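Visitor: I should like to take a close look at the sheet of this protein. Please describe how its strands are arranged and what lies against them.

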Amino acid sequence: MEILVNEKVSPVYGPFCHAIRANGFLFCSGITPVNADGIVEHETVQGQTGKVLENIKAILEFAGVNINQVVKTTIYLKDLSNYETVNRIYADFFDSHRPARTCIEVSRLPKESLVEMECIAVLLKN
């Protein structure tokens, strides 16, 4: 098992890491739209969704994984009425790749974010 933290993406606030590589998978923690200084970027769900996906991509690349290896995502939304907006941005990000996914409305997210995402990626054998 290998613990991964990419401080260039965002600080880790608590007893967790950005990702863990274990048993042929990469498990990414919930990622919010914060920058490397820990500040939430963007006030809109569109901007925050883009920043979350940018952070996820940076963490995946740090781990040597590409987005086509993502097999499962979970999206947490502060307001489910933003579902279609987030869907459009998410679809553009993953292009023709379509991981399994769950989307859940929650009452509150860290740093008052509007969206948070986590993912699981399969590791390629060398």
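Guide: What follows is a description of the sheet, strand by strand, and then of the helices and the pocket.

The model is predicted. Its open sheet is formed by 6 strands, and their order is 1-2-3-6-4-5. The pairing within this sheet is mixed. At the edges stand strand 1, residues 2–4, and strand 5, residues 100–105, each of which pairs on one side only. On average, neighbouring strands of this sheet are turned by 10° against each other, direction ignored.

Let us cross the sheet, beginning at the edge formed by strand 1. Strand 1 and strand 2 run antiparallel and are joined by 3 bridges. Here Ile3 has Ile20, in strand 2, as its bridge partner. Strand 2 covers residues 19–22, and strand 3 covers residues 25–31. These two strands also run antiparallel, with 4 bridges between them, and Arg21 has Leu26 of strand 3 as its bridge partner. Strand 2 and strand 3 form a hairpin in which 2 residues lie between them. One residue in the turn, Asn23, has a positive phi of about 50°.

The next step in the order leads from strand 3 to strand 6, which comprises residues 115–122. Strand 3 and strand 6 run antiparallel and are joined by 5 bridges; in strand 6, Val122 is the bridge partner of Phe25. On the way to the other edge, strand 6 is followed by strand 4, residues 70–77. The two run antiparallel, joined by 7 bridges, and Ile75 finds its bridge partner in Met117 of strand 6. Finally, strand 4 pairs with strand 5 in the parallel sense over 6 bridges. In this pairing, Tyr76 stands opposite Ile104 of strand 5.

In a regular strand, side chains alternate between the two faces of the sheet. With the strands in place, we may turn to the helices that lie across them.

Helix 1, residues 45–62, lies across strands 1, 2, 3, 4 and 6, and runs at about 30° to strand 6. Helix 2, residues 83–94, lies across strand 4, strand 5 and strand 6, running at about 155° to strand 4. Strand 4 and strand 6 are therefore crossed by both helices, given that contact means heavy atoms within 4.5 Å.

The two helices also pack against each other. The angle between helix 1 and helix 2 is about 30°, and their axes are 9 Å apart. Helix 1 passes helix 2 in a right-handed crossing. From helix 1, the contact is made by Val45, Gln46, Thr49, Gly50, Leu53 and Lys57; from helix 2, it is made by Thr85, Val86, Ile89, Tyr90 and Phe93. By class, the residues of this contact comprise 6 nonpolar, 4 polar and 1 charged.

One further feature involves strand 3, namely the largest pocket. Its volume is about 200 Å³. There are 14 residues in its lining, and those nearest its centre are Pro11, Tyr13, Phe16, Gly30 and Thr32. Strand 3 gives the most to this lining, with 3 residues. Of the lining residues, 7 are nonpolar, 5 are polar and 2 are charged.

Methods: Residues numbered from 1 in each chain as written. Predicted model: local features only at pLDDT ≥ 70, side-chain atom pairs only at ≥ 80, totals over all residues. Heavy atoms only, no water. Pairing = 2+ DSSP bridges. Axes fitted to C-alpha atoms, helices over the stretch in contact; angles between N-to-C directions. 1 Å grid on protein atoms, 1.4 Å probe; cavity = no way out; pocket = protein on both sides within 12 Å on 5 of 7 lines; lining within 4 Å. Points joined across faces, edges and corners; volume = space filled by probe spheres on them. Nonpolar A, V, L, I, M, F, W, Y, C, P; charged D, E, K, R; others polar. Left-handed = near helix turned anticlockwise from the far one by under 90°.
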